[in-house]
Each structure stands twice: as structure tokens, then as C-alpha cells.
Amino acid sequence: MIRARKRFGQHFLEPAWVDKVIRAIAPNPDEAFIEIGAGPGALTRPLAARVQSLVAVEIDRDLAAGLRAAAISNVTVVETDFLSNLVVASSPSSSVDVPHSAFRIPRSAFRVAGNLPYNVASPIMFKLAELFAAGAPIVDATVMLQREVADRLTAAPGTREYGVLSVLMQHVADIELLLKLPAGAFRPPPKVLSALVRLRFHAPAPPAADPIRFATVVQAAFTRRRKTLSNALLAYTDAARAARAITAAGLDGRKRPETLSVADFVRLADAL
């Protein structure tokens, strides 16, 4: 029996839900996929049966060994930490032969799927956005997340869920909620609800003059999300500079940070 390991945040998808998730992913026979967190292969096997090729990334050596032993002809198993071990392919053909110790980014278009460990879901999404910005040809990423995170990803300005994750991810991706899953869809059942979302990455819209400043301003503003924008920006700069930037950005300093759109934050960061 395969046991979920708590340190890896493992919750395995039950067979009754696999078909629903596969239909939502909507794979095509001519496509290449990378699966993050392949686990025991609940999604790996049906995905592999429907696509041209699949790279299954798994950090758990026992689960990776099990997938490797299955010897699925169009599946390459990579035993590694997706967040830490990345190697950029030097040529299209080199993406086929992936060493067990590294994850090789293909140069040809690929899609991403995965039941992400909830404790590292946000870092993985930011890593995917980083890879896309660096030239990785990611068509889209369909991933399983804690429903609370999915709600934050798709939140609109002025809602309780809208925050740092909403602004930073919506700046670089179109995000669609595909499916909601109960705790009973997994073994062992997590203490939270889950959701399947699709991210289609794009160039930053609108582009920020300084991406690092943009992210820092957003993070600073939301540390005081219930205060006025003028007061919230004191977490980043002094009152006089904040006032000048708010005016230059055409914003109202009496509004709360949680009411600002992505474009508003970009103008504010540029003004600073």
C-alpha cells in the first residue's frame, strides 16, 4: 500500500475524480506535458494515454521508482524537487533524455499539470511564471490547489480574498477556475477543500518599469490592507513621497489598497 508522506504534503486523488480532472485538463494527442508531483500516477497514466509525451516530476524517491518501474513508453520520470533543480535544455532533442537528478526545461511548447502540494503551491506557480518570463514555452498550467488559494488567485478588487497573490499572479497570467473538489476526493482527505485552476501565462500587463519595485509595493500596501492607501504606503516610504506618487498615479489616497486594480498598482509603483 502506498502511504502519503506528510512532509511532502501528499494527498492522492481518488479514482472517481480522475476522469473529471482529466476532462477539465482537456489534453490532446499531439501535446507534450510536464506533470508536477506525479505521486503514484493517478493522473500520470490517463494523461500519458492521451498525449504525445509526458515528463513526470516527483520528489518522493519511492513513488518515482514505482512510476519508473511501470515503464510507460511515452513517460520520462524525473526524481527531483521542481523548485530547486532546473536545467534548461540546450536543444529540442535534449529535452527527451532527462537525468534523474535534474529537471530539463523543453524548448518546444508544453503544457503543465499537477496536484500540487499545498504547502508549496504558491512558490511553484511563481516559479512557472518566472520560467515563462525567461522563455520557457508554457502553453498553460492546470493545477490542483487549496480552494482558498484558488479563490485568492481569481479574486477581484474590493473582495475579501483579493491580495498580494491576486495582484502578482493576475499581472502575468489569465486564471480560470475549472473544478471544485471536496476533501473526500483525496486519500488521505485533507482538512481543506480543493480546486482545479488553469493559468495561461502572458507578458506582464501592463508592464512595470521595475518588476521588483512593483512586487515590493504590492506586498507593502497589503500589510495594511484595511488602512487608506496614504497610510498603507508608509510601510514602503515616507508620507511626502507617498503623496506625490499617489497624485502622479491618478489615485485617491483615501481608498484602501484592496480596491486597487493591477493596473493601479503598476502606475503607483512606476510613480515611486
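Guide: Helices (H or I, at least four residues) and strands (E, at least two) are DSSP runs, numbered from the N terminus. The model discussed here is predicted.

Visitor: Where is H202 placed, between which strand and which helix?
Guide: The element numbers are those of the DSSP runs, counted from the N terminus. H202 belongs to the loop that lies between strand 11 and helix 7.

Visitor: Which residues does H202 contact, leaving aside neighbours within four places in sequence?
Guide: Contact requires heavy atoms within 4.5 Å. The C-alpha atoms of H202 and V172 are separated by 5.4 Å, although the two are 30 residues apart along the chain. With neighbours within four places set aside, the contacts of H202 are F132, Q170, H171, V172, A173 and D174.

Visitor: Is strand 11 largely enclosed by the rest of the structure or largely open, and how many of its eight residues are buried?
Guide: A residue counts as buried under 20% relative accessible area. Strand 11 covers residues 194-201 and is largely enclosed by the rest of the structure, because the number of its eight residues that are buried is seven.

Visitor: Which residue of strand 11 is the bridge partner of K180?
Guide: Strand 11 pairs with strand 9 (residues 173-181) in the antiparallel sense, over eight bridges. Strand 11 is also joined to strand 8 (residues 138-146) by six bridges, again antiparallel. From strand 8, L145 stands opposite A195. From strand 9, K180 has as its bridge partner in strand 11 A195.

Visitor: In which sense, parallel or antiparallel, does strand 3 run with strand 4?
Guide: Strand 3 (residues 53-58) has five of its six residues buried, so the rest of the structure largely encloses it. Strand 2 (residues 32-36) pairs with strand 3 over five bridges in the parallel sense, and E35 is bridged to A56 there. Between strand 3 and strand 4, E58 has E79 as its partner. The five bridges joining strand 3 to strand 4 belong to strands that run parallel.

Visitor: What is the relative accessibility of V78?
Guide: V78 sits in strand 4, residues 75-79. Its C-alpha atom is separated by 9.6 Å from that of A38, which is 40 residues away along the chain. V78 counts as buried because its relative accessibility is 0%.

Visitor: Which elements give two or more residues to the lining of the second largest pocket?
Guide: The second largest pocket holds about 400 Å³ of space. It is lined by 20 residues, of which L168, H171, V172, P204 and P211 are the closest to its centre. Two or more lining residues come from each of helix 4 (121-133), helix 6 (164-170) and helix 7 (211-222).

Visitor: How many residues of that lining are nonpolar?
Guide: The lining of the second largest pocket includes one charged residue and three polar ones. The number of nonpolar residues is 16.

Visitor: What share of the contacts between residues at least 6 apart in sequence joins residues at least 24 apart?
Guide: The chain has ten helices and eleven strands, and buried residues make up 48% of its 272 residues. It exposes about 12,700 Å², with 53% supplied by carbon and sulfur atoms. Of the contacts between residues at least 6 apart in sequence, the share joining residues at least 24 apart is 61%.

Note on methods:
Residues are numbered from 1 along each chain as its sequence is written. This is a predicted model: local features need pLDDT of at least 70, side-chain atom pairs count only at pLDDT 80 or more; totals for chains, interfaces and linings use all residues. Side-chain values use heavy atoms; hydrogens and water are left out. On a 1 Å grid over the protein atoms alone, a cavity is a set of points where a 1.4 Å probe fits but cannot get out, and a pocket is an open set with protein on both sides within 12 Å along at least five of seven lines; lining residues have an atom within 4 Å of a point. Grid points are joined across faces, edges and corners, and a volume is the space filled by probe spheres set on the points. Ala, Val, Leu, Ile, Met, Phe, Trp, Tyr, Cys and Pro count as nonpolar, Asp, Glu, Lys and Arg as charged, and the others, Gly among them, as polar. Buried means under 20% relative accessible area, exposed over 50%, partly exposed in between (1.4 Å probe, protein chains only). Accessible areas come from the Shrake-Rupley method with a 1.4 Å probe; for residues, only the protein chains shown count as cover. Two strands pair if DSSP finds at least two bridges between them.
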